[in-house]
Amino acid sequence: MPPKKVTASKTSSKPVKSKGTTTNTPAKKAESKKAEAAAAPPPMPPVTTISFKGLSKLTEEANSKDPKKWPLIIDLQGNVGTFFKYRDANVLQAELPGDLSADKVRTALIGALRFGKPLVLDMASHDIREVEMVNDVQTNLLDSLLNKTLLEDERYLTLIKDEDEKEYHNSAYYATERFGFVVITTNPSPNTLIAAKMTCFQVE
């Protein structure tokens, strides 16, 4: 008998996709890069050296660099908070229990706005991101304070409560043009999520 012919098995010309794998399209790669950029903290902004004596003109110096930002002071010696206490500023200290409570922050803020003085948050060695507790006073208050929109269209009046003195309810009694906001830290490498929104100085 003649030998039987072996029939070759037919194979598909279509590529076989392995299960559980995905194709990285250009659109997906772009989305991934955007997500990574959003998750990464911003870089540390430039830091300007300022003398202790130069703190008396801090507001002018900060405005000359970026009028839309308030100053952040890196104070390695821990003496700047005392300086501002003698400059008739409303100084709140993270080291003092209850000093950064919502009620105390609100009172210090509206007082600084009304009488045209600086509100100073002395964070000492604490993470400066803790200044986000300002949002306990009002939703998104920190952002509107940092970008100065709180001063526009008398928005600061939304911070006033019925029990506050009548003068606080009338913008005519406010000296907001002299108001200032300052954050102090003894950390040489402060959290950039806050630092990037401010003009940074280091006391020499």
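Two strands are counted as paired if DSSP finds at least two bridges between them, and the legends below use the word in that sense for a predicted model.

**View 1. The protein chain as a whole, with helices and strands in alternation.** In this predicted model, the secondary structure of the protein chain comes to six helices and six strands, and from the N terminus on the elements run α-β-α-β-α-β-α-β-α-β-α-β. Of its 204 residues, 37% count as buried, while the chain exposes about 13100 Å², of which carbon and sulfur atoms supply 51%. Among contacts in the protein chain with a separation of 6 or more, 76% come from residues 24 or more positions apart.

**View 2. The open sheet of six strands.** The strands follow the order β1-β6-β2-β5-β4-β3, and their pairing is parallel. At the edges stand β1 (47-50) and β3 (90-93), and because each has a single partner strand, one side of each is left without a neighbour in the sheet. From one strand to the next the twist averages 25°. Helix α2 (residues 58-65) packs on this sheet, where it touches β1, β2, β5 and β6, and the direction of α2 makes about 135° with that of β6. Helix α4 (residues 102-115), for its part, lies across β3 and β4 and runs at about 160° to β3.

**View 3. Strand β2 with its partners β6 and β5.** Strand β2 (residues 71-74) runs parallel to strand β6 (residues 199-203), and four bridges join the two; three bridges join β2 to β5, and these strands are parallel as well. Within β2, L72 stands opposite C200 in β6, whereas I74 has Q202 as its bridge partner in β6 and stands opposite T185 in β5. In a regular strand the side chains alternate between the two faces of the sheet. In β2, P71 and I73 point one way and L72 and I74 the other way, and all of these residues are buried.

**View 4. The nonpolar cores and the surroundings of F181.** The largest nonpolar core has 35 residues, and those with the most contacts inside it are L109, L121, F179 and F181. Two or more residues are given to this core by each of α4, β4, α5, β5 and α6 (192-195), and the largest share, six residues, comes from α4. Leaving aside residues up to four places away in sequence, F181 touches W70, P71, L119, L121, L145, L146 and M198. A second, separate core of 15 residues includes I50, A62, I73 and A89.

**View 5. Two loop residues with positive phi, A124 and D153.** A124 lies in the loop between β4 (118-122) and α5 (141-146), and its phi is near 50°, a positive value in a residue other than glycine. D153 is found in the loop between α5 and β5 (180-185), and D153 also has a positive phi, of about 50°, although it is not a glycine. Is each of these residues buried or exposed? A124 has a relative accessibility of 14% and therefore counts as buried, the cut-off for that class being under 20%. D153 has a relative accessible area of 68% and so is exposed, a term that applies over 50%.

Methods: Residues numbered from 1 in each chain as written. Predicted model: local features only at pLDDT ≥ 70, side-chain atom pairs only at ≥ 80, totals over all residues. Heavy atoms only, no water. Buried < 20%, exposed > 50% of the residue type's maximum accessible area, 1.4 Å probe, protein only. Axes fitted to C-alpha atoms, helices over the stretch in contact; angles between N-to-C directions. Contact = heavy atoms within 4.5 Å. Areas by Shrake-Rupley, 256 points an atom, 1.4 Å probe, with all protein chains shown as cover. Core = buried A, V, L, I, M, F, W, Y, C linked by side-chain atoms within 4.5 Å.
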